[in-house]
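Subject: Structure handover

Hello,

Here is the structure I promised to pass on. Please open it first, then read the notes below.

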Amino acid sequence: MFTGLIEKLGTVSHIEVDAAGATLIISDSAAILDDCHIGDSIAVNGCCLTATEFDKTENGGWFKVWLANETLERSDLGERVIGDQLNLERAMGTHARFGGHFVQGHVDTTATIIERIPDGDSVRLKFQLPEPTSARPSLLRYLISKGFVAIDGASLTLTEVSDSDRTFGVMLIQHTQEKITLGKKSLGSKVNIEVDMVSKYLEKSVIAALGGEGGLDLRNMVEKVVEEVLVKKGLARY
């Protein structure tokens, strides 16, 4: 589990790809390796990955991770090149203050930066989600203004959401721009998106409470319950 508060920007120093997935080595990472152990979870641009090797001093400190094909398909990590910077966060410690929101490191999809507008020392960014498919339905129902979203692993507050355009926006203050990769990304760049998991659990709980079954969305369930009530009162027939 993570908080979405980025600790360090690491640098991709090695990439190896084959049919089974990919291996990344991320350098300039000493600041997050002081208490590292083999098998520890580290969020890399929002993806929860396992450290399989590491060295605390060489090349500014480095660690190696393995990317399964599922991770490559869901995230932008397969498009990274040597020299790219990545957001890094260690798993949440029990002693730490919880300043962000619950982030699992399980990326749902990617979005594209379509607008960048300066606002004083801050910058407003707008993103567009891809067209939904049966395999990957729309995530917009989990996004609300002033709600949480993890973008490249960074916990951010949504400033706007448009269901019709499949877009949403955030604002980065100057401090945040300097501490995460998002402040340096250009128009057209992809970012990793993880929606708030609490909203997913809430949706599933409501559907289950309404007697939901697999494949039925919340709207269909409400219609089904209303129909059953009308039938019971003799106001409608199946």
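In what sense do strand 4 and strand 5 pair, and over how many bridges? The two run antiparallel, and four bridges hold the pairing. Strand 4 covers residues 47-55, and strand 5 covers residues 62-68. One facing pair is Asp 55 and Trp 62, the latter in strand 5. Two terms need their cut-offs here. Strands pair if DSSP finds at least two bridges between them. Strands are DSSP runs of E with at least two residues, helices are runs of H or I with at least four, and both are numbered from the N terminus.

Before you go further, note what you are looking at. This is a predicted model, in which local features need pLDDT of at least 70, side-chain atom pairs count only at pLDDT 80 or more, and totals for chains, interfaces and linings use all residues. Residues are numbered from 1 along each chain as its sequence is written, and side-chain values use heavy atoms, with hydrogens and water left out.

The overall picture

The protein has four helices and twelve strands. Its C-alpha trace spans about 75 × 45 × 40 Å along the principal axes. Of the 238 residues, 40% are buried. Buried means under 20% relative accessible area, exposed means over 50%, and partly exposed lies in between (1.4 Å probe, protein chains only). Take the contacts between residues at least 6 apart in sequence: 64% of them join residues at least 24 apart. A contact means heavy atoms within 4.5 Å.

Two barrels

Six strands close into a barrel in the order 1-2-5-4-3-6, with antiparallel pairing. From one strand to the next, the twist averages 45 degrees. For such angles, axes are lines fitted to C-alpha atoms (for helices over the stretch in contact), and values run from 0 to 180 degrees between N-to-C directions.

Another barrel of six strands follows the order 7-8-11-10-9-12, and its pairing is antiparallel. Neighbouring strands of this sheet are turned by 45 degrees against each other on average, direction ignored. Within it, strand 7 (residues 109-119) and strand 12 (residues 190-195) run antiparallel and are joined by four bridges. Thr 109 has Ile 193 in strand 12 as its bridge partner.

The UniProt record, an unreviewed entry, places the feature "repeat: Lumazine-binding" at residues 1-101 and 102-206. It also gives "domain: Lumazine-binding" for residues 1-101 and 102-206. UniProt positions are in the numbering used here, feature names are shortened, and annotations may be inferred rather than shown by experiment. The span 102-206 is 15% helix and 41% strand, and its end C-alpha atoms lie 20 Å apart.

Cysteines

How many disulfides does the structure hold? Zero. A disulfide is a pair of cysteine sulfur atoms within 2.5 Å. The closest cysteine sulfur to that of Cys 36 is in Cys 48, 13 Å away, so it is too far for a bond. For Cys 47 the closest is again in Cys 48, at 9.0 Å, which is also too far for a bond. Cys 36 is buried at 7% relative accessible area. Cys 47 is buried at 4%.

Three buried residues to look at

Start with Thr 3, in the segment before strand 1 (8-18). Thr 3 is buried, at 7% relative accessibility. Its side chain reaches the backbone nitrogen of Leu 5 at 3.2 Å. Leaving aside neighbours within four places in sequence, Thr 3 is in contact with residues including Glu 89, Phe 98, His 101, Val 103 and Ser 155.

Next is Ile 32, in the loop between strand 2 (21-27) and strand 3 (41-44). Ile 32 is buried, at 1% relative accessibility. Beyond its neighbours within four places in sequence, Ile 32 touches Glu 7, Lys 8, Ile 42, Phe 63, Leu 88 and Arg 90. Ile 32 and His 101 are 69 residues apart in sequence and 20 Å apart in space, C-alpha to C-alpha.

Leu 33 sits in the loop between strand 2 and strand 3. Its relative accessibility is 0%, so Leu 33 counts as buried. Leu 33 and Gly 61 are 28 residues apart in sequence, yet 7.3 Å apart in space, C-alpha to C-alpha. With neighbours within four places left aside, the contacts of Leu 33 are Asp 55, Lys 56, Gly 61, Trp 62 and Phe 63. Asp 55 and Trp 62 are also the facing pair of strands 4 and 5.

Best wishes

Key. A polar contact is a pair of N or O atoms within 3.5 Å; within protein, one must be able to donate a hydrogen and the other to accept it, and residues adjacent in sequence count only if both atoms are side-chain atoms.
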